[in-house]
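The following explanation proceeds from the overall fold to a single helix and its surroundings. The reader is invited to keep the sequence and the coordinates in view throughout.

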Amino acid sequence: MNILLIYPEFPDTFWSFKHALKFVGKRSALPPLGLLTVAAMLPQHWSLRLVDTNVRKLRECDLAWADCAFISAMVIQRDSSRRIIERCKQAGLRVVAGGPLFNSEHEQFEAVDHFILNEAELTLPPFLADLARGSPEKIYTTGNFANMHQTPAPRWDLLEMRRYATMSIQFSRGCPFNCDFCNVTALFGHKVRIKCAAQIIVELDTLYARGWRGPVFFVDDNFIGNTPFLKRELLPALIAWRKEKRGNSFFSRKHPSTWPTIPH
Ligand code: B12
């Protein structure tokens, strides 16, 4: 099975950094980490091709090659998602969609064949099993949260890394707090779920081995949500990792969606 993993284009907003990126010779700020993570959960004998339309165009030959399209998007990519879904359907592809946009409003996308909602660690395996049996359903969803110890390392080999300003790693999901300006807990829950330090080191080693020398963004909802683990295990592991390496800096976030006054 030939799978096209497609990331729709961002509109020209502040957070797309479109104009600033030209100064550093990059096409996009960050990779589509959701799609790269989902790619690592797909059967190994499937052929995968990533098209991040922020980096390059979706070509007719991509569509002709594929049997099926996997699309991920945020709400801000709504319009470009619609255009891509239409092209995929015209090309006769089966369309599978997941990620924040479809978690928020899947009912707005009638043309999509299958929605894999919430965390793919939980909802993708039943879809793949049903697909193998020849009877996949329209919607896969769950009220549970995934154990991140089972989250595979992203498929960095699918990415044209040099096109991006920053690489990203996700260490945890969820946040223990209840801030009225943020919807992270509604999406990912109050319990902070974490990867173990060894998983993070494998991800960093892979990025380094593939030649990445640049910033690494920890995209966590709240990087300091599990302070004891951070102090005891992750930070010492990161400090030790960096001692032997050159060229990588780390940063974590105060997410823009928690700054309600910033235009987008
Ligand atoms: C990194 C990040 C960014 C980066 C860009 C990332 C990129 N790829 O280019 C930056 C900092 C630029 C950014 C900006 C914005 N962001 Co942002 N961002 C994130 C963040 C923190 C991490 C995303 C990530 O890498 N996650 C890790 C991956 C592994 O998780 P995932 O994508 O959810 O994927 C999992 C599942 O969703 C599923 N899945 C995902 N895709 C698919 C596809 C298929 C086919 C399948 C089967 C499954 C599947 O499987 C994965 C594994 O479980 C999330 C919060 C979060 N915790 O996810 C917010 C988040 C995605 N952002 C959000 C928002 C609102 C924004 C802004 C609009 C903020 C603003 N006020 O301007 C801007 C818009 C950007 C723009 N260009 O205009 C919202 C989206 C809400 C929504 N319903 O769309 C989120 C969820 C944060 C929130 N508080 O609600 N963002």
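What radius of gyration would a compact globule of 264 residues have, and what does the chain have? This model is predicted, and its chain has a radius of gyration of 18 Å, whereas a compact globule with 264 residues would come near 18 Å; the two values therefore agree. Along the principal axes, the C-alpha trace spans about 50 × 45 × 40 Å.

The secondary structure of the chain consists of 9 helices and 11 strands. Of the 264 residues, 30% count as buried. When contacts between residues at least 6 apart in sequence are considered, 74% of them join residues at least 24 apart.

Helix α8 merits a closer view. This helix comprises 13 residues, 197–209, and at 1.5 Å a residue should span 18 Å; its end C-alpha atoms lie 18 Å apart, so expectation and model agree. Its buried residues are Ala197, Ile200, Glu203, Leu204 and Leu207. Viewed down the axis of α8, these buried residues fall within an arc of 125°, and they therefore line one face of the helix. On the other side of α8, Ala198 and Ala209 are exposed.

The surroundings of this helix complete the picture. Among the elements that cover the buried residues of α8 are β7 (167–169), β10 (215–218) and α9 (227–243). Just after α8, Gly211 adopts a positive phi of about 95°.

Technical notes: Residues numbered from 1 in each chain as written. Predicted model: local features only at pLDDT ≥ 70, side-chain atom pairs only at ≥ 80, totals over all residues. Helix = DSSP H or I, 4+ residues; strand = E, 2+ residues; numbered from the N terminus. Rg over C-alpha atoms; globule rule 2.2 N^0.38 Å. Buried ≥ 20, exposed ≤ 12 C-beta atoms within 10 Å, placed from the backbone. Contact = placed C-beta atoms within 7 Å. Expected span 1.5 Å × (residues − 1). Arc of directions from axis to C-beta.
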